[in-house]
Structure formats: C-alpha cells, structure tokens
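Hi everyone, thanks for making time. I'd like to walk you through a structure that is probably new to most of you, so let's get it on the screen.

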Amino acid sequence: GIGIPIKLIHESEKHNIGIVMKNGDYIKGELYNSEDNWNLCVKDAVILTKFKLLKKSFLFIRGNQIRYLSLPEILKNAPMFKSITPINKVYK
C-alpha cells in the first residue's frame with residue numbers, strides 16, 4: 001500500500017499548499033491533483049524565483065524536483081491519523 005506521506009498529499013487536494021523546489025524556487029497555489037510519485041498539478045500558482053515573481057493559472061510539477069511541501073495545518077486532524085497508535089502507548 002501507499003504510505004502516510006502520500007495519503008497526506010492526496011488529502012491536501014483542493015487546499016492551498018506551498019512547495020519548495022530543489023532549485024530554490026517557492027511555489028504557492030491550490031493543489032488540484034496529485035499522483036503517488038509526488039507529481040502535482042497546481043491551480044492559480046504563484047512562483048517566486050530568485051529574480052522574479054510569476055503567476056500561472058495551471059502548473060504541473062514533477063515529483064523528483066520537490067524538496068519539501070508545506071501543507072495546511074488542518075490536516076493534522078485528518079481521519080487517517082486516528083488509526084495510528086502512538087509509540088509511547090504501545091510500550092506502556
């Protein structure tokens with residue numbers, strides 16, 4: 001099966017996210033679609049490069065170019081985390 005990070009990315013669809021790319025660019029926009037290999041489609045993207053600010057209505061991002069994602073804080077209450085038993089409760 002797929003892991004928790006992939007499930008979390010799929011849960012983030014239709015939310016605003018931030019993406020830091022390996023080349024240092026920062027992209028902010030609404031996550032429209034995501035794939036299990038971290039390929040992302042972003043709507044209403046704002047791209048901040050070292051030298052300029054770009055706006056794109058739709059942007060496709062290859063998963064292997066992503067350094068990290070900034071996801072909405074509301075996802076910490078996602079239902080998938082209810083089934084995970086904290087480690088400190090297992091060994092007591």
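I'll start with the overall layout, then go through the inside, and finish at the surface.

One thing up front: this is a predicted model. Okay, the layout. The protein has 2 helices and 5 strands, and reading from the N terminus the order is α-β-β-β-β-β-α. So the strands sit between the two helices in that order. There are 92 residues, and 33% of them count as buried. If you take the contacts with a separation of 6 or more, 42% are between residues 24 or more positions apart. As for the outside, the protein exposes about 6,600 Å², with 55% of that coming from carbon and sulfur atoms.

Now let's go inside. The largest nonpolar core has 14 residues, and the ones touching the most other members are Ile 19, Ile 27, Leu 40, Ile 61 and Ile 66. Which elements give two or more residues to this core? They are strand E1, residues 16-21, along with E2, E3, E4 at 53-61, and E5. The top contributor is E3, with 4 residues.

Let's zoom in on one of those core residues, Ile 61. What does Ile 61 contact, once we leave aside neighbours within four places in sequence? The list is Ile 19, Met 21, Ile 27, Trp 38, Asn 39, Leu 40, Val 42 and Ile 66. You'll recognise some names there: Ile 19, Ile 27, Leu 40 and Ile 66 were in that group of core residues a moment ago.

Next, helix H1, which runs over residues 4-11. Its buried residues are Ile 6, Leu 8 and Ile 9. They span an arc of only 160° around the axis, so they end up on the same side of H1. And what covers them? The cover includes strand E2 at 26-34, strand E3 at 40-48 and strand E5 at 66-70.

While we're on Leu 8, have a look at Ala 78. Ala 78 is in the loop between E5 and helix H2, residues 87-90. Buried or exposed? Ala 78 is buried, because its relative accessible area is 5%, and the cut-off for buried is under 20%. Along the chain, Ala 78 and Leu 8 are 70 residues apart, but their C-alpha atoms are 8.3 Å apart in space.

Now the loop between H1 and E1, where I'd like to compare three residues. Ser 12 sits in that loop, and at 0% relative accessibility Ser 12 is buried. Not counting residues up to four places away in sequence, Ser 12 touches Ile 17, Leu 31, Leu 71, Pro 72 and Leu 75.

Glu 13 is in the loop between H1 and E1 too, but Glu 13 counts as partly exposed, at 22% relative accessibility. Beyond four places in sequence, Glu 13 is in contact with Leu 31, Tyr 32, Asn 33 and Ser 34. Its C-alpha is 9.6 Å from that of Leu 40, which is 27 residues away along the chain.

Then comes Lys 14, again in the loop between H1 and E1. Lys 14 is exposed, at 52% relative accessibility. There's a backbone detail here as well: its phi is near 75°, a positive value in a residue that isn't glycine. For another case, go to Asp 44 in strand E3. Asp 44 has a positive phi of about 50° and is not a glycine, and at 53% relative accessible area Asp 44 is exposed.

Back to Lys 14 for a second, to meet its partner across the way. Tyr 32, in strand E2, is 18 residues from Lys 14 in sequence, and the C-alpha atoms are 5.7 Å apart. Tyr 32 is partly exposed, with 36% relative accessible area. Leaving out neighbours within four places, its contacts are Glu 13, Lys 14, Cys 41, Val 42, Lys 43 and Phe 58.

Last stop, the surface. Which residues make the nonpolar patch of about 330 Å²? They are Tyr 26, Val 46, Leu 48 and Leu 53. Of these, Tyr 26 belongs to strand E2 and is partly exposed, at 32% relative accessible area.

That's the tour, so over to you for questions.

Technical notes: Residues are numbered from 1 along each chain as its sequence is written. This is a predicted model: local features need pLDDT of at least 70, side-chain atom pairs count only at pLDDT 80 or more; totals for chains, interfaces and linings use all residues. Side-chain values use heavy atoms; hydrogens and water are left out. Buried means under 20% relative accessible area, exposed over 50%, partly exposed in between (1.4 Å probe, protein chains only). The arc is that of the directions from the helix axis to the C-beta atoms. Contact means heavy atoms within 4.5 Å. A nonpolar core is a set of buried Ala, Val, Leu, Ile, Met, Phe, Trp, Tyr and Cys residues joined through side-chain atoms within 4.5 Å. Patches are made of residues with over 30% relative accessible area and no salt bridge: like charges are joined within 9 Å, nonpolar side chains (Val, Leu, Ile, Met, Phe, Trp, Tyr) within 5 Å. Accessible areas come from the Shrake-Rupley method with a 1.4 Å probe; for residues, only the protein chains shown count as cover. A salt bridge is a side-chain nitrogen of Lys or Arg within 4 Å of a carboxyl oxygen of Asp or Glu.
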